[in-house]
Amino acid sequence: MLYMGNTIPNNGSISMNLHTAMSVFVEVARAGGFAEAARKLGMSTTAVSRHVSELEQDLGVALLRRTTRHVSLTEAGARYLPRASSILEEIRGLQAETSVTSAEPRGQLRITAPPGVGYDWIADLALDFIAAYPEIELDLDLTPRVVDLVAEGYDAAIRSGELLSSSMIAHRIIDIQYALCASPGFLARHGTPKRPEAIRTQPIVYWSAVANRATWTFTKKNKETSVPIRARLSVTHLASLRHAALRGLGMTVLPLITVQDDLDAGRLVRVLADHEFERSTLSLVRPPTPFEPPKLRVFIDFITEALRKRAGDSRAA
């Protein structure tokens, strides 16, 4: 039972601050240990351990398994963690919503993004963002892993393609248009395909984050043509894939937003320009909380405006 005062009684034997205890438990679970959690919280390890123990006593169940080297969640702890994280986020949101709305957005903002778009599009914009909002501390985690936003304490994730979870709130950033392209030297050696079927014999390099399949599908006048491909190189890093294409290592499909300057300068040539490759969407997703923190709102607006301007300049939106 939640009490509105500062403490929770448990049969008259335990008195503790629920908010603090929950916050400490969540930090220990995320950090994977008491010492690291204590460092992040600015508390002693003894105090951290005491808060978690009191929470477990009040609940009447163990939340953590403790060994000399490792701390892990029990089954009850795994159930408790996402709900506790959500409740704490609601409290933070309520405080921010109730405070002076004219105050400059501030605080730590944790964002995760896949390495492909993260390194190529988001990282540089993150530098501009923190320059524009000096009171926000941005933690940008570029990882291919699909993180649990609530359990791991992230404010939002940037994701491309189909969204796996319908429980998250999604903000569309841009639609991504792709171009089949190659270097002039590559085309001089291997020839320029006039039909999609002709690329099946071409050396291919591809962006595995979006094209992780054995076929590419092209559309012309509502007619689809699927072509089996055989890749010489598969990478998740857009910049590496672009460099491979510039060096003439293979034909590739890349977002127009990434290669439009190369196409304009003649460093790359667009192939089968009258055919359209399947588009995808770049989105920002966040936990389904009713309140959107100001620090996250300004980040969404900043990234969306910058990428839509860049995509518009590249005629890709």
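Helices (H or I, at least four residues) and strands (E, at least two) are DSSP runs, numbered from the N terminus. The model is predicted: local features need pLDDT of at least 70, side-chain atom pairs count only at pLDDT 80 or more, and totals for chains, interfaces and linings use all residues. Residues are numbered from 1 along each chain as its sequence is written, and side-chain values use heavy atoms, with hydrogens and water left out.

**Exercise 1. Take stock of the protein: how many helices and strands does it have?**

Step 1. Count the elements: ten helices and 17 strands.
Step 2. Turn to burial (buried means under 20% relative accessible area, exposed over 50%, partly exposed in between; 1.4 Å probe, protein chains only). Of the 317 residues, 44% are buried.
Step 3. Look at contacts (heavy atoms within 4.5 Å). Among contacts with a separation of 6 or more, 73% are between residues 24 or more positions apart.

**Exercise 2. Describe how H1 packs against H3.**

Step 1. Choose the descriptors. Two packed helices are described by the angle between their axes and the distance between the axes. Axes are lines fitted to C-alpha atoms, for helices over the stretch in contact; angles run from 0 to 180 degrees between N-to-C directions.
Step 2. Read the values. H1 (residues 18-31) and H3 (residues 45-59) pack at about 110 degrees, with axes 9 Å apart.
Step 3. Classify the angle. H1 is therefore roughly perpendicular to H3 (under 35 degrees is roughly parallel, over 145 roughly antiparallel, 65 to 115 roughly perpendicular, the rest oblique).
Step 4. List the contact residues. H1 supplies Leu18, Thr20, Ala21, Met22, Val24, Phe25 and Val28; H3 supplies Val48, His51, Val52 and Leu55.
Step 5. Sort them. Nine are nonpolar, two polar and none charged (Ala, Val, Leu, Ile, Met, Phe, Trp, Tyr, Cys and Pro count as nonpolar, Asp, Glu, Lys and Arg as charged, the others, Gly among them, as polar).

**Exercise 3. Trace the pairings of E7: parallel or antiparallel?**

Step 1. Pairing requires at least two DSSP bridges between two strands.
Step 2. E5 (residues 107-113) and E7 (residues 156-160) run parallel, joined by two bridges. Thr112 has Ala157 of E7 as its bridge partner.
Step 3. E7 and E17 (residues 280-286) run antiparallel, joined by four bridges. Ile158 is partnered by Leu284 of E17.

**Exercise 4. Which strands stand at the edges of the E14-E9-E15 sheet?**

Step 1. The sheet is open, with three strands in that order and antiparallel pairing.
Step 2. E14 (252-255) and E15 (269-270) are at the edges; each has a single partner strand, so one side of each lacks a neighbour in the sheet.
Step 3. H9 (residues 256-265) packs on this sheet and touches E9, E14 and E15. The direction of H9 makes about 105 degrees with that of E14.
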